[in-house]
Amino acid sequence: MNTTLIAKKESITTYLKETFNDIGKVTLFASRFFREVIKPPYEIKELIKQCYIIGYKSLPLVTVTGFIMGLVLTLQSRPTLAKFGAESWLPSMVALSLIREIAPVITALICAGKVSSGIGAELGSMKVTEQIDAMEVSAINPFKYLVVTRILATTFMIPLLVIFADGIGVIGGYIGINIHGDVNLYRYLSQVLESITFSDIFPATMKTFFFGFFIGMIGCYKGFNAANGTESVGKAANSAVVTASLSIFIIDMIAVQLTDLFL
Amino acid sequence: MGSLVFPITNKKNKMKKESGYQWKLGMFVIIGLVLFVGTIYFVGKQKNLFGSTFELYSKFNSVSGLEIGNNVRLSGINIGTVDDIDFLNDTLVIVRLVIKDEVRQFIKKDAIASISSDGLMGDKVLVISAGKKSNVIVEDKDQIASKRAIEMDDLMVSVKKSVDNAAVITAELAQFSYNMNNGNGALSKLISDEQFGNSIKGTILNLEKSTTEFKRFTVNMNNGKGALSKLVGDERMGKSVDSSLTNVKTATKGLNEVIEAAKHNFLLRGFFKKKKKEEEKKQEELDNLEEEQMKKELQMDVKNDSIK
């Protein structure tokens, strides 16, 4: 009885220790990123390549999900609004929910799945196959070359992808409205733009930068710190996705609170 | 030779590959930025951040929940937005409006600002009603008059009055219908009492019968040959009645003369004198009685006063 209790206590303390250890490591990792990002030389070429892989290559996925989000949101909200005779509010409602919440979060989650796991697996396998050590030996700073470029790429590409998702989602909403009713595109767009204010756009856009930063950083951290052994590559990829998704929701919650407080 | 050619083709291939993804990335970034900037531009245009505008001020006692960013309308068209709302003193609020410069020519100095609602659940809007008399166009930073907005509370007060009245009316109505169902009045009996109904029915039946009789009677009167019908319808009969009445008139005149003659006849004079005396006596007795009654009443009044 006593021994099991002690074992439990020990397991809890070790778990807490590991968690705090992880958080400390992540903080150090982030501070190293900020230090390295200012210091020359800049790996512009690699950054552009990463932007291409992370941003452009994710575009089809984001476009499809954005379109479906807009379409489905419109079709699902229509019956409720029709009950109140407020179908004319559909464009503004869809646009507001897309721009403020749904497009940023869903796009970030999709990217966490695609990009964060990709980075985790890539860096993890490089670590396992000792390519990172080889880089250090050949006088290339692996942190600058691999981590900084990827984190910067995700930080700037995720907001762009979210803007695309917003645009495509609004078009999806237009098609969704026209399945049941008949709304002119000009009228639809003017209704959408009428309902949107800067206080909708800016907080939503600001938080996507944080989403991007955390997606890149968590992916890189997990990959860069993968243990030796092939299975740890899969582990790194998996835990990168889980942690990044969770962090997206936490950032979203904080962003909502801050937006409420200041706007 | 080979060693010279190889690096060049390699480099070309590399460049091709690089430019292959670089232009795609460039397009992706530019389209994304254009979308973002375009949205910001259009949203800003909606809020009159771009393009030339002018300012108007208006003072209100209450803005009824008007907020910064609400639309300003002239003749139902959005022409600007509410830019600022601030307290002037404890009873006045000043509202700053930003309006498109192109509609300035339509707003005169005597225009009136009022606050109304965009639909039942919609936002508040500030409506500018065009002035009628003035021809002078407003200037930048001018102040225009305002009209008190109809507030929900005012509406509720009048609705409450109507509802109170309705309550009184319905209570009266309930009492009325209760009386109707349970009362003994003629109207309630008319509605609820079967016996009364039957008796009314009988009356109506009798009335019907009597009217048919009356109908027959009038028909007979018009067309019959009896004395009455002749009196009504026959002209000759009328004339003969007329002449007989004239005869009666002359006869009574003659009779009057005969009676007057009789009064002066010594045989009958005594009878007429006696009759006259009796009448005078009766009159005297009546007068005496009245006097006595008056005296009695006076005495009674005096007694009552002394008791008091």
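This report describes a predicted model with chains A and B, taking each chain in turn and then the contact between them.

**Chain A**

Chain A holds 9 helices and 0 strands, so that reading from the N terminus its elements run α-α-α-α-α-α-α-α-α. Of the 263 residues in chain A, 40% are buried. Among the contacts of this chain that join residues at least 6 apart in sequence, 89% link residues at least 24 apart.

One helix pair can be described in detail. Helix α4 (residues 90-128) of chain A packs against helix α6 (residues 142-180) of chain A at an angle of about 145 degrees, and their axes lie 7 Å apart. The crossing of α4(A) past α6(A) is right-handed, and the contact between these helices has 20 nonpolar, 4 polar and 2 charged residues.

Two loops of chain A carry backbone features that deserve a look in the structure. In the loop between α1 (2-38) and α2 (44-54) of chain A lies A:Pro41, and the peptide bond leading from A:Pro40 to A:Pro41 is cis, with omega near 0 degrees. The other feature is at A:Glu130, which is found in the loop between α4 and α5 (131-137) of chain A and has a positive phi of about 60 degrees although it is not a glycine. A:Glu130 counts as exposed because 12 other C-beta atoms lie within 10 Å, the cut-off for exposed being 12 or fewer.

**Chain B**

In chain B, 7 strands close into a barrel in the order β1-β4-β3-β2-β6-β5-β7, with mixed pairing. Neighbouring strands of this sheet are turned against each other by 40 degrees on average, direction ignored. Strands of a sheet pair through backbone hydrogen bonds, either parallel or antiparallel, and the table sets out three of the pairings.

| Strand pair | Sense and bridges | A facing residue pair |
|---|---|---|
| β2(B) and β3(B) (residues 77-87) | antiparallel, 4 bridges | B:Arg73 and B:Asn78 |
| β5(B) (residues 112-117) and β6(B) (residues 124-129) | antiparallel, 6 bridges | B:Ser116 and B:Val125 |
| β5(B) and β7(B) (residues 142-146) | parallel, 2 bridges | B:Ala113 and B:Ser146 |

Strand β5(B) thus pairs with β6(B) in the antiparallel sense and with β7(B) in the parallel sense.

The loop between β1 (53-60) and β2 (71-74) of chain B contains B:Ser64, a residue other than glycine whose phi is positive, near 50 degrees. B:Ser64 counts as partly exposed because it has 17 C-beta neighbours inside 10 Å, a number that falls between the limits of 12 for exposed and 20 for buried.

Chain B also has helix α6 (residues 235-264), whose 30 residues should span 44 Å at 1.5 Å a residue; the end C-alpha atoms are 45 Å apart, which agrees with that expectation. This helix is hardly covered, as the count of buried residues among its 30 residues is 0.

**Contact between the chains**

Where the two chains meet, 15 residues come from chain B and 16 residues from chain A. By class, the side of chain B that touches chain A has 9 nonpolar, 5 polar and 1 charged residues.

Definitions and conventions
Residues numbered from 1 in each chain as written. Chains lettered and ligands numbered in written order. Predicted model: local features only at pLDDT ≥ 70, side-chain atom pairs only at ≥ 80, totals over all residues. Expected span 1.5 Å × (residues − 1). Contact = placed C-beta atoms within 7 Å. Nonpolar A, V, L, I, M, F, W, Y, C, P; charged D, E, K, R; others polar. Axes fitted to C-alpha atoms, helices over the stretch in contact; angles between N-to-C directions. Left-handed = near helix turned anticlockwise from the far one by under 90°. Pairing = 2+ DSSP bridges.
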